[in-house]
Amino acid sequence: MEAIANGLILLMLSIGHAELWTSVINRTHALKIHEVYLKRLRHVLELLMVLFPLVLLFAVGLSDPGVLVGGEWSQLPLWWQPILLLCTLGFLGLIYSGVRHQFYRPPRQQTAQESELIHLRERLKQDLIGEGPYHYLAGLPFNEIFSVEFTRKTFQLSRLPEKWEGLTILHLSDLHFSGTLKREYFIELCRIAQEMKPDLIIFAGDLIDRMECLDWLQETLGPMQAPLGRFFILGNHDWNQESLQIRQTLSETGWIDLTAEPVRLQHEGQTLFMAGTEAPWMGKLQDVKLSEDNAADDFLLLVSHTPDNFHWAEREGYDLVLSGHTHGGQVRVPPFGPIFAPSLHGTRYTSGTFFRGSTLLHVSRGVSGIHPLRWFCRPEISLLTLHSADKK
Ligand SMILES: [Fe+2]
């Protein structure tokens, strides 16, 4: 009986160890580090995650002190103690993020949410898996990559001009064209998104993972239209590609690059200030810092690829921040929820709506990823409807 309990403790310590390195992977993937180096780091840490349980089993479990064969924890060699304490903290951290995920509720500023699930494979009646990288993942059982959730969320914002009551923004993010999912999948997605008839369209970055797919833009994002315009920023995956060429090609289809310079849109006699940031990968947060000139603007929108800039945007006084990048975690492990998220905040802002100070953040789960795998985390395209709240 004691051996079983000690076996469970060793398992818990191994999970805690893996969580510690996962937390390092999450934080390093939030930094301006090229994908090649990140991949190497990931492989080393994944190897450590596999080897550690074996070392733990043979050293602590079977030899010294041998807790699985009658040994006592009190005889644990001194040098093991800080390591196992860290592993315990890692396990507690995982429990904490799981509890936070289970108890997540949108802030009161989000007054409604509904969604329609569209199964693209059934709808198009064709195989949508191409020959791109990691295409073998796309066909795994229970992969939800072809089941896209078109969500409609309603926000009530105190600074929104009353004349803009009911203004709609289509929030698209993380398309990741790589050839792994066929072009037809994205054409259909964009066509359905267009049917939601938004007033304004925002793309929040990560468009191209393989430059061969650049000409897909003409048939996907290219035809989309909205009365107030279509605006984009790029993401860290575009930074790993030929970002200048991506930027230029999308601009040629009529989309406006929000990072070139902030835009002031006049709508119903009031001003919407829109800025975009791809920091830390391209540009600096300083480029989208608000100034005294913004005092005359009626509403301030920041499109930031990573949600990590949320706290900065809140301190600046932005009203609304739209982000992607974290993909909702892509794979969620019940009951813990998301485990991987390339963010300095770990899994805290993987998706959903958050409110701090007077700033609302909406993080889209995005559509795809370089790894075409989604378990318990469907792709998402959102239509956000804004209402003005009581100014008191
Ligand atoms: Fe992404």
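Domain 1 and domain 2 of this predicted model bury about 1,800 Å² between them, and 58% of that area lies on carbon and sulfur atoms. Buried area is the accessible area, taken with a 1.4 Å probe, that two parts lose on being put together, summed over both. The size of an interface is often given in this way, as the accessible area lost when the parts come together. Asn26, Ala30 and Lys32 supply 28% of the area that domain 1 buries against domain 2, more than any other three residues.

The protein chain is divided into domain 1 (2-102) and domain 2 (110-388), with bounds that come from an automatic or database domain assignment. Their C-alpha centres lie 35 Å apart. The contact, defined by heavy atoms within 4.5 Å, takes 21 residues from domain 1 and 23 residues from domain 2.

Across this interface there are 0 salt bridges, a salt bridge being a side-chain nitrogen of Lys or Arg within 4 Å of a carboxyl oxygen of Asp or Glu. There are, however, 9 residue pairs in polar contact between domain 1 and domain 2, both residues at pLDDT 80 or more. A polar contact is a pair of N or O atoms within 3.5 Å; within protein, one must be able to donate a hydrogen and the other to accept it, and residues adjacent in sequence count only if both atoms are side-chain atoms.

On the side of domain 1 that touches domain 2, the elements giving two or more residues are helix H1 (2-28), helix H2 (35-63) and helix H3 (80-102). H3 gives the most, with 7 residues. Helices (H or I, at least four residues) and strands (E, at least two) are DSSP runs, numbered from the N terminus. The residues of this side divide into 6 nonpolar, 8 polar and 7 charged. In this grouping Ala, Val, Leu, Ile, Met, Phe, Trp, Tyr, Cys and Pro count as nonpolar, Asp, Glu, Lys and Arg as charged, and the others, Gly among them, as polar.

The unreviewed UniProt entry annotates residues 6-24, 44-63 and 78-99 as "transmembrane region", and residues 167-328 as "domain: Calcineurin-like phosphoesterase". Such annotations may be inferred rather than shown by experiment. The table describes the chain over three of the annotated ranges.

| Residues | Helix | Strand | Distance between end C-alpha atoms |
|---|---|---|---|
| 6-24 | 100% | 0% | 27 Å |
| 44-63 | 100% | 0% | 26 Å |
| 167-328 | 20% | 25% | 25 Å |

The structure as a whole holds 17 salt bridges. One of them joins arginine 183 to glutamate 219, with the closest N and O atoms 2.4 Å apart. This pair links distant parts of the chain, 36 residues apart: arginine 183 is in helix H6 (residues 183-194), and glutamate 219 is in the loop between strand S4 (200-204) and strand S5 (230-233).

Some backbone features fall in loops. The peptide bond from aspartate 64 to proline 65 is cis, with omega near 10°, and proline 65 is found in the loop between H2 and H3. The bond from alanine 279 to proline 280 is also cis, with omega near 10°; proline 280 lies in the loop between strand S8 (270-277) and strand S9 (299-304). Lysine 125, a residue other than glycine, has a positive phi near 50° and is found in the loop between helix H4 (120-124) and helix H5 (135-138).

Residues are numbered from 1 along each chain as its sequence is written, and side-chain values use heavy atoms, with hydrogens and water left out. Because the model is predicted, local features need pLDDT of at least 70 and side-chain atom pairs count only at pLDDT 80 or more, whereas totals for chains, interfaces and linings use all residues.
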